[in-house]
Amino acid sequence: MSEHNKNNNNNGRADAASAPTKTPEPEYKVGPGRPPKEYQFKPGQSGNPKGLERKPKPMAPDLKAALERALREPIKLKQGEREQTMTMAEAGIKQLVAQFVKGNHQARRYLIELADKLGVDLMAGQQQALQEAVAANHEAILNAYVDRQYDKVVKRAPVFAPPELLDDDPQTENQG
(Lines give C-alpha, C1' and ligand atoms only; values in the text may rest on other atoms or scores of the structure.)
Protein backbone atom coordinates (compact mmCIF):
# COMPACT_ATOMS: atom_id res chain seq x y z
CA MET A 1 0.00 0.00 0.00
CA SER A 2 1.15 3.48 -0.67
CA GLU A 3 1.76 6.06 2.05
CA HIS A 4 -1.33 7.97 0.97
CA ASN A 5 -3.59 4.93 1.33
CA LYS A 6 -2.34 4.13 4.83
CA ASN A 7 -3.27 7.57 6.22
CA ASN A 8 -6.57 7.87 4.34
CA ASN A 9 -8.73 4.81 4.53
CA ASN A 10 -12.54 4.62 4.38
CA ASN A 11 -13.02 6.58 1.17
CA GLY A 12 -10.62 9.44 1.77
CA ARG A 13 -11.36 10.04 5.48
CA ALA A 14 -8.51 10.72 7.77
CA ASP A 15 -7.53 7.89 10.12
CA ALA A 16 -9.25 8.26 13.54
CA ALA A 17 -6.00 7.62 15.40
CA SER A 18 -4.21 10.43 13.52
CA ALA A 19 -6.95 13.06 14.34
CA PRO A 20 -6.34 15.19 17.46
CA THR A 21 -8.53 14.17 20.41
CA LYS A 22 -9.38 17.69 21.61
CA THR A 23 -9.95 20.67 19.33
CA PRO A 24 -9.67 24.20 20.69
CA GLU A 25 -12.89 26.32 20.43
CA PRO A 26 -12.75 28.62 17.41
CA GLU A 27 -12.55 32.33 18.14
CA TYR A 28 -15.97 34.18 18.00
CA LYS A 29 -16.12 36.30 14.87
CA VAL A 30 -18.21 39.50 14.91
CA GLY A 31 -20.12 40.24 11.71
CA PRO A 32 -23.58 40.50 10.16
CA GLY A 33 -26.03 38.66 12.41
CA ARG A 34 -23.29 38.08 15.03
CA PRO A 35 -23.15 41.03 17.47
CA PRO A 36 -20.36 41.36 20.00
CA LYS A 37 -20.87 39.28 23.17
CA GLU A 38 -21.38 42.32 25.43
CA TYR A 39 -24.33 43.57 23.26
CA GLN A 40 -26.15 40.24 22.96
CA PHE A 41 -29.39 39.78 24.92
CA LYS A 42 -28.83 38.17 28.30
CA PRO A 43 -30.86 35.03 29.13
CA GLY A 44 -34.27 36.02 30.55
CA GLN A 45 -34.00 39.60 29.25
CA SER A 46 -36.56 40.88 26.71
CA GLY A 47 -35.36 42.23 23.41
CA ASN A 48 -38.07 44.91 23.56
CA PRO A 49 -38.38 46.06 27.18
CA LYS A 50 -40.92 48.84 26.38
CA GLY A 51 -43.19 46.33 24.65
CA LEU A 52 -45.38 46.60 21.58
CA GLU A 53 -47.39 49.80 21.10
CA ARG A 54 -51.10 49.30 21.64
CA LYS A 55 -53.21 49.23 18.51
CA PRO A 56 -55.97 51.80 18.32
CA LYS A 57 -59.41 50.41 19.18
CA PRO A 58 -61.25 49.45 15.97
CA MET A 59 -64.17 51.67 15.00
CA ALA A 60 -66.22 48.99 13.26
CA PRO A 61 -68.19 47.84 16.34
CA ASP A 62 -69.04 51.45 17.26
CA LEU A 63 -70.08 52.27 13.70
CA LYS A 64 -72.20 49.13 13.49
CA ALA A 65 -73.99 50.00 16.74
CA ALA A 66 -74.55 53.59 15.57
CA LEU A 67 -75.98 52.39 12.25
CA GLU A 68 -78.30 49.93 14.01
CA ARG A 69 -79.55 52.67 16.37
CA ALA A 70 -80.13 55.09 13.48
CA LEU A 71 -82.04 52.48 11.46
CA ARG A 72 -84.31 51.71 14.46
CA GLU A 73 -85.22 55.38 15.07
CA PRO A 74 -88.87 56.14 14.38
CA ILE A 75 -89.86 58.68 11.75
CA LYS A 76 -93.26 60.18 10.90
CA LEU A 77 -94.13 60.31 7.21
CA LYS A 78 -97.16 61.90 5.59
CA GLN A 79 -98.86 60.00 2.83
CA GLY A 80 -101.58 62.24 1.55
CA GLU A 81 -103.79 63.18 4.50
CA ARG A 82 -102.67 60.47 6.93
CA GLU A 83 -99.48 60.35 8.95
CA GLN A 84 -97.63 57.06 9.38
CA THR A 85 -94.87 56.18 11.87
CA MET A 86 -92.18 53.71 10.82
CA THR A 87 -88.49 53.07 11.38
CA MET A 88 -85.79 54.69 9.29
CA ALA A 89 -84.94 51.27 7.87
CA GLU A 90 -88.51 50.74 6.67
CA ALA A 91 -88.59 54.23 5.15
CA GLY A 92 -85.29 53.56 3.35
CA ILE A 93 -86.54 50.24 1.95
CA LYS A 94 -89.77 51.91 0.75
CA GLN A 95 -87.73 54.64 -0.92
CA LEU A 96 -85.46 52.05 -2.56
CA VAL A 97 -88.47 50.14 -3.90
CA ALA A 98 -90.02 53.39 -5.17
CA GLN A 99 -86.81 54.20 -7.06
CA PHE A 100 -86.78 50.65 -8.45
CA VAL A 101 -90.34 51.06 -9.73
CA LYS A 102 -89.40 54.35 -11.42
CA GLY A 103 -86.71 52.48 -13.39
CA ASN A 104 -83.56 53.57 -11.56
CA HIS A 105 -80.95 50.97 -12.59
CA GLN A 106 -78.84 51.47 -9.45
CA ALA A 107 -81.87 50.94 -7.23
CA ARG A 108 -82.65 47.78 -9.21
CA ARG A 109 -79.14 46.44 -8.61
CA TYR A 110 -79.20 47.28 -4.89
CA LEU A 111 -82.67 45.81 -4.44
CA ILE A 112 -81.74 42.54 -6.16
CA GLU A 113 -78.53 42.27 -4.10
CA LEU A 114 -80.42 42.98 -0.87
CA ALA A 115 -83.15 40.47 -1.70
CA ASP A 116 -80.51 37.85 -2.50
CA LYS A 117 -78.66 38.45 0.79
CA LEU A 118 -81.88 38.33 2.80
CA GLY A 119 -83.33 35.35 0.91
CA VAL A 120 -86.36 37.28 -0.39
CA ASP A 121 -88.03 35.80 -3.48
CA LEU A 122 -88.85 38.76 -5.74
CA MET A 123 -91.07 36.56 -7.94
CA ALA A 124 -93.09 35.01 -5.08
CA GLY A 125 -96.48 36.43 -6.15
CA GLN A 126 -95.82 35.81 -9.82
CA GLN A 127 -95.17 32.05 -9.63
CA GLN A 128 -98.88 31.08 -9.53
CA ALA A 129 -99.76 33.40 -12.42
CA LEU A 130 -96.89 32.00 -14.50
CA GLN A 131 -97.94 28.41 -13.80
CA GLU A 132 -101.57 29.14 -14.79
CA ALA A 133 -100.48 30.84 -18.01
CA VAL A 134 -98.24 27.91 -18.90
CA ALA A 135 -100.97 25.37 -18.07
CA ALA A 136 -103.40 27.10 -20.45
CA ASN A 137 -100.82 27.07 -23.24
CA HIS A 138 -99.61 23.48 -22.74
CA GLU A 139 -101.70 22.09 -25.56
CA ALA A 140 -100.75 24.83 -28.02
CA ILE A 141 -97.06 24.49 -27.12
CA LEU A 142 -97.13 20.71 -27.49
CA ASN A 143 -98.96 20.89 -30.83
CA ALA A 144 -96.44 23.38 -32.22
CA TYR A 145 -93.58 21.15 -31.06
CA VAL A 146 -95.11 18.05 -32.64
CA ASP A 147 -95.63 19.91 -35.92
CA ARG A 148 -91.98 20.99 -36.01
CA GLN A 149 -90.75 17.49 -35.24
CA TYR A 150 -93.14 15.93 -37.77
CA ASP A 151 -91.71 18.14 -40.53
CA LYS A 152 -88.22 16.87 -39.71
CA VAL A 153 -89.23 13.21 -40.01
CA VAL A 154 -91.85 13.17 -42.77
CA LYS A 155 -91.48 15.01 -46.06
CA ARG A 156 -94.75 16.58 -47.08
CA ALA A 157 -95.90 16.31 -50.67
CA PRO A 158 -95.20 19.43 -52.72
CA VAL A 159 -98.17 21.72 -53.32
CA PHE A 160 -98.91 22.46 -56.96
CA ALA A 161 -100.59 25.65 -58.11
CA PRO A 162 -103.66 25.49 -60.34
CA PRO A 163 -102.90 25.76 -64.08
CA GLU A 164 -104.40 29.22 -64.43
CA LEU A 165 -101.78 30.63 -62.03
CA LEU A 166 -98.78 29.16 -63.83
CA ASP A 167 -96.76 31.61 -65.98
CA ASP A 168 -94.49 29.12 -67.61
CA ASP A 169 -96.54 28.53 -70.76
CA PRO A 170 -94.06 27.51 -73.49
CA GLN A 171 -96.23 28.95 -76.32
CA THR A 172 -96.15 32.54 -74.98
CA GLU A 173 -92.40 32.45 -74.40
CA ASN A 174 -91.69 31.58 -78.08
CA GLN A 175 -94.01 34.28 -79.43
CA GLY A 176 -92.59 37.19 -77.40
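## Elements, exposure and ring contacts in a predicted model

From the N terminus on, this predicted model arranges the elements of the protein chain as α-β-β-α-β-β-α-α-α-α.

Biologist: How many helices and how many strands are there in the protein chain?

Modeller: The elements of the protein chain, read from the N terminus, run α-β-β-α-β-β-α-α-α-α. Counted by kind, they come to six helices and four strands.

Biologist: What percentage of the residues in the protein chain is buried?

Modeller: A residue is taken as buried when its relative accessible area is under 20%. The protein chain has 176 residues and exposes about 17,100 Å², of which carbon and sulfur atoms supply 56%. The buried share of those residues is 3%.

Biologist: Is methionine 123 buried, partly exposed or exposed?

Modeller: Methionine 123 lies in the loop between helix H4 (105-118) and helix H5 (126-153), and it belongs to a nonpolar surface patch with Ile112, Leu118, Val120, Leu122 and Leu130, with about 560 Å² of accessible area together. Because its relative accessibility is 40%, and the class between 20% and 50% is the intermediate one, methionine 123 counts as partly exposed.

Biologist: Which residue has its charged end over the ring of tyrosine 28?

Modeller: Such an arrangement also occurs at tyrosine 110, where the charged end of arginine 109 sits over the ring, 5.1 Å from its centre. Over the ring of tyrosine 28, at 4.5 Å from the centre, sits the charged end of lysine 37.

Biologist: Among contacts between residues at least 6 apart in sequence, what percentage joins residues at least 24 apart?

Modeller: The contacts considered are those in the protein chain between residues at least 6 apart in sequence. Of these, the share that joins residues at least 24 apart is 0%.

Conventions
Residues numbered from 1 in each chain as written. Predicted model: local features only at pLDDT ≥ 70, side-chain atom pairs only at ≥ 80, totals over all residues. Heavy atoms only, no water. Patch = residues over 30% accessible without salt bridge, like charges linked within 9 Å, V, L, I, M, F, W, Y side chains within 5 Å. Areas by Shrake-Rupley, 256 points an atom, 1.4 Å probe, with all protein chains shown as cover. Salt bridge = Lys/Arg side-chain N within 4 Å of Asp/Glu carboxyl O. Helix = DSSP H or I, 4+ residues; strand = E, 2+ residues; numbered from the N terminus. Buried < 20%, exposed > 50% of the residue type's maximum accessible area, 1.4 Å probe, protein only. Lys NZ or Arg CZ within 6 Å of the ring centre and 35° of its normal. Contact = heavy atoms within 4.5 Å.
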